[in-house]
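Reader: I'd like a close look at one part of this model, the largest pocket. Could you walk me through what lines it, and then what the nonpolar packing looks like elsewhere?

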Amino acid sequence: MRFNWNFDYIKGSKIAYTFSIILTVAGIISLLSLGLNYAVDFRSGSNVDITVSKAITAEQIKPIINDIGINDGDAHITTGADRVNVRFSNVLDEKQESQFKEEFTKLDSAASYEVNTVDPEMAKELERNAIYAVLIASIGIMIYVAIRFEWRFAVAAVISLFHDAFVVISVFSLFRLEVNLTFITAVLTIVGFSINDTIVIFDRIRENLRFAKKTTKADLREVVNRSLAQTMTRSLNTTFTVFIASLCLFIFGGESIRMFSLAMVIGTLFGAYSSIFIAAPLWLTLKGKQPTKPKATAKATN
């Protein structure tokens with residue numbers, strides 16, 4: 001038995017617009033006041049990744065950090081069953097790095113270390129390249145959609161994509177979640193997933209326009225609602241599949257991909273939401289402003 005998806009989605013988009021505007025404003029305020037909680041990938045500092053043979057607690061590590069002349073408040077410690085990660089806000093010099101390893105070895109003689117250091121210039125370059133990656137991807141998508149469909153579809157699609165990316169960034173800012181290189185990968189993946197869902201809906205709208213009356217805005221509204229109903233099962237099935245996979249990665253995956261998985265969980269849900277309640281209704285708004293061409297009067301034939 002198939003579910004009947006025939007609803008007035010355009011009417012629901014008014015609530016969606018309000019919700020998205022509130023979320024966007026909250027995100028802007030958070031970004032301006034708090035910024036993002038950058039990992040060592042995007043700010044200068046040292047990241048020490050340690051493979052351990054037994055469980056080590058953060059309380060055991062803090063005295064070592066203090067002993068090498070660093071306040072333990074300037075270091076973020078993450079512990080696991082067989083792995084410990086210590087992220088320092090400042091770059092460790094050779095003496096501090098050597099002393100840290102020497103002291104930690106007293107806790108676990110079988111420990112092995114991997115130290116990554118990011119200097120300020122490299123951190124700025126990584127941040128700049130991440131912004132370029134998102135902007136170039138969005139511009140490329142806009143050009144493709146404009147050629148494949150029309151400029152109104154392109155504008156609606158890109159606004160929807162920026163909405164999805166900004167929502168994920170806002171959530172990470174509001175809850176002070178760590179932003180690293182895998183987060184940027186997640187944002188680009190979300191953009192790809194969202195545009196795929198949006199293109200399917202736009203393609204159905206274009207197909208239905210060929211056989212529909214287009215005399216009034218009400219006719220266009222009916223076409224959009226019917227197109228969304230026809231693609232709803234496909235959209236929800238795809239979203240649910242990606243959401244479950246991302247959620248499992250978040251719950252059972254390692255610490256290194258946890259933020260990637262969380263960003264995917266959030267972005268997948270908002271990607272489907274924006275395709276249905278933002279992209280398609282926004283196209284209708286832009287299309288509705290198009291001046292109606294007067295019908296040509298047929299000449300009487302003798």
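Author: Sure. Bear in mind that this is a predicted model. The largest pocket has a volume of about 780 Å³. Its lining is made up of 29 residues, and those that lie nearest the centre are Asn85, Glu178, Asn180, Glu255 and Ser256. Sorted by class, the lining comes out as twelve polar, nine charged and eight nonpolar residues.

As for where the lining comes from, strand 2 (45-51), strand 3 (75-79), strand 4 (83-88), strand 5 (112-118) and helix 6 each put in at least two residues. Strand 4 gives the most, with four residues.

Helix 6 is a good bridge to the nonpolar packing. The largest nonpolar core has 30 residues, and Val145, Phe202, Ile205, Val224 and Trp283 are the ones with the most contacts inside it. At least two core residues come from each of helix 1 (9-33), helix 4 (120-148), helix 5 (151-174), helix 6 (181-209), helix 7 (217-252) and helix 8 (258-288). Here helix 6 gives the most, with seven residues.

Apart from this core lies another one of 26 residues, including Leu23, Val134, Ala186 and Tyr273.

If you want one residue to centre your view on, try Trp283. Setting aside neighbours within four places in sequence, Trp283 is in contact with Ile205 and Val224, and also with Glu150, Arg152, Phe153, Ala156, Leu209 and Leu220.

Terms used:
Residues are numbered from 1 along each chain as its sequence is written. This is a predicted model: local features need pLDDT of at least 70, side-chain atom pairs count only at pLDDT 80 or more; totals for chains, interfaces and linings use all residues. Side-chain values use heavy atoms; hydrogens and water are left out. A nonpolar core is a set of buried Ala, Val, Leu, Ile, Met, Phe, Trp, Tyr and Cys residues joined through side-chain atoms within 4.5 Å. Buried means under 20% relative accessible area, exposed over 50%, partly exposed in between (1.4 Å probe, protein chains only). Contact means heavy atoms within 4.5 Å. On a 1 Å grid over the protein atoms alone, a cavity is a set of points where a 1.4 Å probe fits but cannot get out, and a pocket is an open set with protein on both sides within 12 Å along at least five of seven lines; lining residues have an atom within 4 Å of a point. Grid points are joined across faces, edges and corners, and a volume is the space filled by probe spheres set on the points. Ala, Val, Leu, Ile, Met, Phe, Trp, Tyr, Cys and Pro count as nonpolar, Asp, Glu, Lys and Arg as charged, and the others, Gly among them, as polar.
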